[in-house]
Amino acid sequence: MADMDEPMVVDGGCGHTCEWEGRWNHIKKFLERSGPFTHPDFEPSTEFMLETCKILVIGAGGLGCELLKDLALSGFHNIHVVDMDTIDVSNLNRQFLFRPKDVGRPKADVAADFINRRIPGCCVVPHFKKIQDLDETFYRQFHIIVCGLDSIVARRWMNGMLLSLLVYEDSVLDPGSIIPLIDGGTEGFKGNARVILPGMTACIDCTLELYPPQINFPMCTIASMPRLPEHCIEYVRVLLWPKETPFGDGVILDGDDPEHIQWVHQRSLERAADFNITGVTYRLTQGVVKRIIPAVASTNAVIAAACATEVFKIASSAYIPLNNYMVFNDVDGLYTYTFEAERKENCSACSQVPLDLHFSPSSKLQEMLDYLSGSASLQMKSPAITATVEGKNKTLYLQSVASIEQRTRPNLSKTLKELGLTDGQELAVADVTTPQTMLFRLCFTS
């Protein structure tokens with residue numbers, strides 16, 4: 001018989017033996033007894049249900065590293081992480097799961113290895129992929145999804161995916177099809193955490209106006225009088241890229257494609273040299289193209305802790321979850337505020353009816369495209385528009401495929417009437433911000 005003073009070990013599930021008796025006593029205190037703040041539906045239990053709860057973390061960067069650590073130390077044993085990036089030297093000051101020897105390796109793989117080695121009983125499964133490369137079957141297996149992303153487009157896509165998994169029976173939402181989404185975001189010394197119950201509470205697209213506006217430089221400055229390295233990069237991004245089309249007509253600049261960023265970086269260096277401007281680096285180039293805001297480690301820690309707490313609340317039903325949006329600011333002192341973001345009735349993502357688009361028959365298709373991209377409530381990136389015209393499905397404009405973009409480009413200068421569209425016509429619009437095709441109803445104005 002083993003000595004009672006020796007730690008008891010069991011298989012942790014990822015190929016190592018690492019558990020010991022009493023390891024999760026601090027967590028079980030929350031689960032095995034009720035209190036004045038417990039959820040009305042909470043039933044104390046000795047069963048450690050966090051072992052079976054399956055969590056997906058999106059992103060293994062500044063927020064993602066903190067989330068993985070917090071969730072693993074909160075008793076969650078079954079965690080998956082998705083990230084498409086590799087480790088850069090600049091990540092090491094705040095993404096503490098990585099070391100200099102890890103530079104160049106996938107963030108998801110290294111983060112998973114670190115947690116699995118360090119935290120008893122936890123099994124983190126990495127996925128070195130884009131979220132768009134994984135299908136509905138993959139996402140449907142999780143009980144809760146947590147986002148630690150630096151991209152609004154990626155957030156909106158994940159939001160759309162969870163909305164597409166909802167099941168309605170006679171227009172009534174099946175609660176069993178809801179996968180809660182916990183979203184965290186940081187911007188310097190500011191951050192937010194929110195709880196989204198798809199189909200029930202405000203989704204990401206319901207509150208697009210809450211996101212900070214993008215920083216845009218005056219066109220006259222970047223074209224004629226650049227003074228900063230950012231001006232040189234913006235010149236290449238806004239003017240040179242569409243003019244030279246280095247990777248083919250209609251190819252959109254991808255901030256996550258190293259070849260695209262390298263091209264922009266080289267042209268930006270040439271532009272900077274012409275005006276005796278220094279400071280153009282590959283890292284700054286990617287930051288300007290992707291609109292990356294410098295991260296602060298302490299802000300990441302606070303927001304990740306808030307998100308992990310909400311995951312624990314929902315997974316255990318021990319406490320009432322956040323309802324539903326918390327903001328954090330420590331620029332001057334320390335300030336937090338919680339409010340309920342309200343669901344928008346005409347949200348393009350989560351409403352169940354087609355949205356109305358009001359245009360005159362003489363409006364050009366380009367005007368509709370500009371509206372879909374410029375509207376504060378839509379903010380599409382590269383909308384593709386299709387419609388049924390004279391009984392046939394017709395692509396009116398598609399930007400992402402060069403050959404189709406070239407063929408459909410003349411439609412942009414045509415009026416809606418010339419394209420054969422009618423009042424009440426249904427339009428299907430696809431965009432990189434969502435995996436779903438959005439339906440709109442064309443309403444002609446006089």
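This note sets out numbered points on a predicted model.

1. Helix H7 comprises residues 229–244, which makes 16 residues. From its first C-alpha to its last, H7 reaches 21 Å, close to the 22 Å expected at 1.5 Å a residue. H7 is nevertheless bent, by about 30° at Val 236. Val 236 is itself among the buried residues of the helix.

2. The buried residues of H7 are Pro 229, His 231, Cys 232, Ile 233, Glu 234, Tyr 235, Val 236, Leu 240 and Trp 241. The list includes a charged residue, Glu 234, which a reader inspecting the side chains may wish to locate. What do the buried residues of H7 pack against? Their partners are three helices: H6 (219–224), H8 (258–274) and H9 (282–290).

3. Two further details connect H7 with its surroundings. Arg 271 lies over the face of Tyr 235, at 3.6 Å from the ring centre, and Tyr 235 is one of the buried residues of H7. Cys 232, also buried in H7, is 38 residues from Glu 270 in sequence, yet the two C-alpha atoms are 8.8 Å apart in space. Glu 270 belongs to helix H8. With 44% relative accessibility, Glu 270 counts as partly exposed, whereas Cys 232 is buried.

4. The structure holds 10 aromatic pairs. One of them joins Trp 241 and Phe 247: the ring centres are 5.7 Å apart and the planes stand at 25°, so the pair is stacked. The cut-off behind this reading is that planes under 30 degrees apart count as stacked. Are the two partners buried or exposed? Trp 241 is buried, with a relative accessible area of 6%, while Phe 247 is partly exposed, at 32%.

5. A second aromatic feature is a cluster, in which ring pairs link Phe 138, Tyr 139, Phe 142 and Trp 157. Phe 142 also has a charged neighbour, since the charged end of Lys 54 sits over the ring of Phe 142, 5.8 Å from its centre. The ring of Phe 142 thus takes part in the cluster and also lies beneath the charged end of Lys 54.

6. Several backbone values deserve a check against the model. Most residues other than glycine have a negative phi, and most peptide bonds are trans. Thr 245, just after H7, takes a positive phi of about 35°. Thr 245 lies in the loop between H7 and H8 and is partly exposed, with a relative accessible area of 26%. Ser 171 likewise has a positive phi, near 70°. Ser 171 is found in the loop between strand S5 (168–169) and strand S6 (172–173), and is exposed, with a relative accessible area of 72%.

7. Which peptide bond is cis? The bond from Asn 323 to Asn 324 is cis, with omega near -10°. Asn 324 is placed in the loop between helix H10 (297–316) and strand S9 (325–329).

8. Helix H10 has 20 residues and reaches 28 Å from its first C-alpha to its last, close to the 28 Å expected at 1.5 Å a residue. Its buried residues are Thr 299, Asn 300, Ile 303, Ala 304, Ala 306, Cys 307, Ala 308, Glu 310, Val 311, Phe 312, Lys 313 and Ser 316. The charged residues Glu 310 and Lys 313 are therefore both under 20% relative accessible area, the cut-off for buried. Just after H10, Ser 317 takes a positive phi of about 60°.

9. Strand S11 (residues 355–359) presents two faces. Leu 355, Leu 357 and Phe 359 form the covered face, and Asp 356 and His 358 form the uncovered one. Five bridges join S11 to strand S15 (residues 434–444), and the two strands run parallel. Within this pairing, Asp 356 stands opposite Arg 441 in S15.

10. Where is Asp 102 found? Asp 102 is in the loop between strand S2 (78–82) and helix H3 (107–118). Although placed in a loop, Asp 102 is buried, with a relative accessible area of 3%. Not counting residues up to four places away in sequence, Asp 102 touches Ile 87, Leu 97 and Val 110.

Key
Residues numbered from 1 in each chain as written. Predicted model: local features only at pLDDT ≥ 70, side-chain atom pairs only at ≥ 80, totals over all residues. Heavy atoms only, no water. Phe/Tyr/Trp six-rings, centres within 6.5 Å; stacked < 30°, edge-to-face > 60°. Buried < 20%, exposed > 50% of the residue type's maximum accessible area, 1.4 Å probe, protein only. Lys NZ or Arg CZ within 6 Å of the ring centre and 35° of its normal. Helix = DSSP H or I, 4+ residues; strand = E, 2+ residues; numbered from the N terminus. Expected span 1.5 Å × (residues − 1). Bend = angle between axes of the 7 residues up to and from the residue. Contact = heavy atoms within 4.5 Å. Pairing = 2+ DSSP bridges.
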